[in-house]
Amino acid sequence: MPDIVVVGVDGSETATKAAETARNLAAALGAKLHVVTAFEGDRVSLHGAGSERAIVFGDPGREAKETASKVAAGLQQEGVEIEAFSAVGNPAQALIAHAENHNASVIVVGNRRMKGLARVLGSVANTVAHKAPCDVYIADTVE
């Protein structure tokens, strides 16, 4: 069974850079690439007033899967099997859980928010690096 490389995406330019790095790593390793977008719970909103109120249920899982699928489609490369996933939780938790559930060999994350005050407050890369069940590759996504 080939190795699995996991990368998290949110549609941002920096996440796309990390995904490209992950694809190149997967190609070099002969591994599968799992593109994952995290989402947190159901989205419910209330519209209207008085007796004319309506509850609208969003589907963040579907939206997250669409984001992952769109990025995965843009990463296609001969010889690399790429799958898109959505996962519940904050981005760091979702990547760690996905890696555990799929016995991944490496998680690729970008280095956004790893400098300055954001570094002190925490980042996805920092959390994943400290809690991942596998190797972590931190891609330089910030110019």
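This report looks at model confidence, helix 3 and the largest pocket.

## How far to trust the model

What you have here is a predicted model. The chain averages a pLDDT of 84, with 77% of its residues at 70 or more. Strand 1 (residues 4-8) comes out with the highest confidence, at a mean of 97, while helix 4 (residues 116-121) sits at the bottom with 48.

Where pLDDT is low, don't read the predicted coordinates in detail.

## Helix 3 and its surroundings

Helix 3 spans residues 91-101, and its buried residues are Ala 92, Ala 94, Leu 95, Ile 96, His 98 and Ala 99. What do the buried residues of helix 3 pack against? Their partners are strand 1, strand 2 (32-39), strand 5 (82-88), strand 6 (106-110) and helix 5 (124-131).

Now for the ends. At the N-terminal end, Asn 90 acts as a cap, with a side-chain oxygen 3.1 Å from the backbone nitrogen of Ala 92. After helix 3 comes Asn 103, which has a positive phi, near 55°.

## The largest pocket

The largest pocket holds about 400 Å³ of space. It is lined by 22 residues, and those closest to its centre are Gly 8, Asp 10, Pro 91, Arg 112 and Val 124.

Helix 3 turns up here too: along with helix 1 (13-29), strand 2, strand 6 and helix 5, it supplies at least two residues of the lining. As for chemistry, the lining of the largest pocket has 12 nonpolar residues, seven polar ones and three charged ones.

Conventions
Residues numbered from 1 in each chain as written. Predicted model: local features only at pLDDT ≥ 70, side-chain atom pairs only at ≥ 80, totals over all residues. Heavy atoms only, no water. pLDDT = per-residue confidence, 0-100. Helix = DSSP H or I, 4+ residues; strand = E, 2+ residues; numbered from the N terminus. Buried < 20%, exposed > 50% of the residue type's maximum accessible area, 1.4 Å probe, protein only. Contact = heavy atoms within 4.5 Å. Polar contact = N/O pair within 3.5 Å; in protein donor to acceptor, adjacent residues only side chain to side chain. 1 Å grid on protein atoms, 1.4 Å probe; cavity = no way out; pocket = protein on both sides within 12 Å on 5 of 7 lines; lining within 4 Å. Points joined across faces, edges and corners; volume = space filled by probe spheres on them. Nonpolar A, V, L, I, M, F, W, Y, C, P; charged D, E, K, R; others polar.
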